[in-house]
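Here are a few exercises to work through with the model open beside you. Try each task before reading its solution.

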Amino acid sequence: MIHDFAAFLRDRLIQQSEVSEQVFEEKGELKPGERREIAVLFLDLGGFTALSEKLDHEDVHNIARGVMNVLVDATEQFGGYVDKIEGDRIMVLFGARKAGENDSTRAVSCGFLMLDAIRTANDILSNTGIPITARIGINSGPVTVAPDAIGHLTAMGRTVNLASRMEEAAQPNTILVPDAVYEKCSDLYSWEDIGMLNLKGISNPVHAWRPTASVSFFRPRWERLSILSSSSFVGRSTELTRLRKKLLEQEVGDTGKNRLGGVKHIVLGIKGEAGIGKSRLVHEFVQQQCSNDDNILVIRGHAISFAQPAYYLWTSLLHDLLGIEYDCRLDYEELRRRIHSLSDNGELMDSVPFMAELLSIKSGDRRLDELDSKAIALETRIAFRNLLKAITGKRRLIVVLDDLHWIDSTCRNVLEFIIANCNTERPVLFLLAYRPENEDGKAVEFDIKPGYAELEEISLPSIDKEACSEIIAKMLSGISTDGTAKVSPKVEDFLLMHSQGNPFFLEELILDIVESNILNENDGQWMFSSSVNNIYIPSSLTGLLQSRLDRLPEDWKGVLQKSSVLGVEFKLKLYNKLVEELAIEENSGAIFNSLERRQFLIGMGTAFEHKYMFRHILIHDTAYNSMLESNRRLLHKITARLIEEMYPDDEQEIADILAHHWERANVRDKAIHWGIINLEYTVDTYQHEKALELSRKLESWIMEEPLDKESSEKLFEVMMHRVVTLDLLGRRKDQEQMLLRMKEIADAHEMSTWQGKILSALGNVFRITGRLNKAGECYFSALNIHRKNGNLKYEREVLCNLGILSRIRGRTDEAQKYFKTALEMNLEEGDRRTEGILLGNLGNSYFNQDRMDEAIDCYEKALAISREVGDRKNEGIALGNLGNPYVSKNQIEKALVYFQQALELHREIGYRKSEGMTLGNLGDLYYEYDRFEESRECYEEALEIHLEVGNRRMEAVILAALASLQMKQSDQSGALKYYQDALSIIEELDLAGRGFEQLTELHNNLLSCGVSEKKVPWPSHWPT
């Protein structure tokens, strides 16, 4: 019976909670309350039971009431809020209404004052012989602060429960705290380590501490509005000098030659913690050195912290360069006109459609329909390269890229591509600003080689005391009534100590204490209104910003909180629609103006749209994190629906942010829908880590419910995107495990189409890793499935894979049959790009049979198709293929022309892998004709590229080629070293012998020269 009642009560409580959430959601109303970091103090009085045995109950009541009144007064001295008094017990919250980052300090200091009050009470009651005692427990952490059923503000959560248990475990007349409190104020008190305690209702033992002596007491700060003032720019003369030096180097242009023959660019990283002044330094440099020089063009781009659209860093640069308002929808001809005004360079104008696509401007260029995603991503990188290259033809160029600690992999690839492939006569100066670490805690790093650019980094330290003093004087003179008031030494020392040389922190601290009426003008001097020891100032920027938020009127604070859901940067139009949906009446225009004046927000008005940006990411985070989770969900849900309605034709552009909003709204089906759209684009644009992370998240969401036909399709779609990404990363083992897992699910649910697709993908993994028999089994099984289902597209893909497998096995006739069959099927669909790829493979099979004229014919057709559809990557591959049969025909000059054209194209588009392959072919050509120095140059450059791109197999092939070259030039020791290096990679990767034909002759030559078998071992897995 008791069990049944408990189950009934649990169900009713859950039901009531769900109904309550649903009521607020259906009404579109926000629940009252906030999430906050606070300190909680419990005090329990003892001795009153014994006292009631000696005194009249009315006297005992009066004594207890008097003691409680004194304790309440003590809490108010520290800004505490009395949540409840229950008999002899009191619960006090610090930071529930007005925040201070180190609320733990106030709670512990209040506890000591309470114990002093109890000692005083005992002195008064000494004649009774019965002492009153008090146990105090304190904890700090996150809680929900909200009105209870009768409207009384209260706090709930584990933080409260642990504070209560600490009080119960404390000895009489002592304070007990856990690690959370000790770590926040350990340097302000003397402590006794109590050790680990097992507490009732707490699952794990808790490390407890007892504060034994306080340093000082603090008093709360109270609200008062003030005029705000910004600081001057000081303390960065050394850094400005370094920037000027780089500008001079750019002007002279003597930075050395890069790999392509142009000048090396100049890349200067500017690194520093949040608020240290990175952006300010760049701004001041540009204003002082570049603003009045018509020969210098400065363009800017920046990254953002979340829901970052693909290529956002570079589209923001385009907006800045071309003067395009973010909501201004240019037509294509106007965009071309603006770009043409920069340069009429043919390459640049050919790239305009790819830039237009990122700006959601339709060009009608057929390449965007005919090229696959990989080719489009390549052309997009080329487009930005061509843009910067064209600009440098007329003016010196400075590229400022800010907040790169938030850069995504796509934008990073563009940056690294540009620096490695922008061949110009004068260097571009890149100024990159970033924090030391990404959000995941990893160091911010860029893969930029010294051979492409001069690389330097400026690490911004804290500014010195003199610079801080200048900021203090400047800001306070701006706030002063007549600008003449001086700063007392005590005030200056206090500000210097608490700001720790961070300009933004110092600026915020000054604003905070002036607003709090702690700092006032008195007889021409800025002075504290009370003793420094009695003033509580937050010790971290987060707490400082929260305390500033708490001093705002409630409707102002509410505007900041709602805005924070929209992002660090948001449109006023979207905010207004959100408020309209919530049926909230507020004078948002006046409030936004006030928040801008008080420097919480920055307004960005245009003729088409008004936008706002949080002045600092920490202001945004503070406002967002203070909201109840249920309110966040509701606001994200409404925001997502509004964005869908406002931008119905921008599906790809809004997928990321909609997935973000629906996820935060906890609407799984919507989050999955938009997440898959975003995942497709993420994979297509080679954002590998983001794609893996997103696919894992989507998979976990889908698997939360039992799989049905619809959810299984979504699951396989998500998993196959991860397989593609793992393939691009070369993570074969992970790729194989994922496919085997997918096969189990597909077999269990009898999903035949997916069975075929998975088997084909598995065959590719087995083929690449040398398990050719298994690959064949998978391909034939997949072929039978697709033929049974009548799926010609997938059947054609498997036939192509079977052709490649047959060619690897040396069965060229069989390979040609597969390729020709696939070609015939492809002609029905008219996929020109696939036709070109198939022709290239067919040409390879003819080449292997020494049918050179037929190979050339296929290669030439593949080349023509690649040029027709604008596929420059496969155009380069076709040119390289064309060189090989002319080598066999001893037409050396013709082969050289094709190889050099291929090399030029690979370098132009930055396709490093094929550049390395072509250089290897050139090295082989020069080797055959005894042009050993040219051969060595090609091999060494190819080796450098293979090392750069991580192509271990080709690294081993080139090492073997270099070994043969050394042997040809009678350098036995050099040949032995290269042989051993190549062998190490062959053994490590278990590589097959194809492509290493020269090793047999080299091995025998080294042995014939007297080198021992031990020094020249044969690969253990190769036949002898």
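**Exercise 1. The whole chain**

How far apart are the mean positions of the positive and negative charges of the protein chain?

Solution. Start with the ground rules: this is a predicted model, in which local features need pLDDT of at least 70, side-chain atom pairs count only at pLDDT 80 or more, and totals for chains, interfaces and linings use all residues. Residues are numbered from 1 along each chain as its sequence is written, and side-chain values use heavy atoms, with hydrogens and water left out.

Next, fix what is counted: Lys and Arg are positive, Asp and Glu negative, while His and the chain ends are not counted. Each charge is placed at NZ of Lys, CZ of Arg, CG of Asp or CD of Glu. The mean positions of the 121 positive and 159 negative charges turn out to be 1 Å apart.

Finally, set this in its frame: the C-alpha atoms fill a box of roughly 120 × 80 × 65 Å along the principal axes. Of the 1024 residues, 54% are buried (under 20% relative accessible area, with a 1.4 Å probe and protein chains only).

**Exercise 2. Helix H14**

Find what span helix H14 should have, and then how covered this helix is.

Solution. Helices are DSSP runs of H or I with at least four residues, and strands are E runs of at least two, numbered from the N terminus. The expected span is 1.5 Å times one less than the number of residues. H14 (residues 409–421) has 13 residues, so it should span 18 Å, and its end C-alpha atoms are indeed 18 Å apart. Now turn to cover: eleven of the 13 residues are buried, including Arg412, Glu416 and Phe417.

**Exercise 3. Helix H30**

Which helices do the buried residues of H30 pack against?

Solution. First check the helix: H30 (residues 772–789) has 18 residues and reaches 26 Å from first C-alpha to last, close to the 26 Å expected. Then list its buried residues, among them Cys778, Tyr779 and His786. These buried residues pack against H29 (752–768) and H31 (792–808). Just after H30, Gly790 takes a positive phi of about 70°.

**Exercise 4. Asn139**

Is Asn139 buried or exposed, and what lies 3.1 Å from a polar atom of its side chain?

Solution. Locate Asn139 in strand E4 (residues 133–147). Its relative accessible area is 3%, so Asn139 is buried. The backbone oxygen of Thr159 lies 3.1 Å from a polar atom of the Asn139 side chain. Beyond four places in sequence, Asn139 touches residues including Ile38, Leu162 and Pro178 (contact means heavy atoms within 4.5 Å).

Methods: Buried < 20%, exposed > 50% of the residue type's maximum accessible area, 1.4 Å probe, protein only. Polar contact = N/O pair within 3.5 Å; in protein donor to acceptor, adjacent residues only side chain to side chain.
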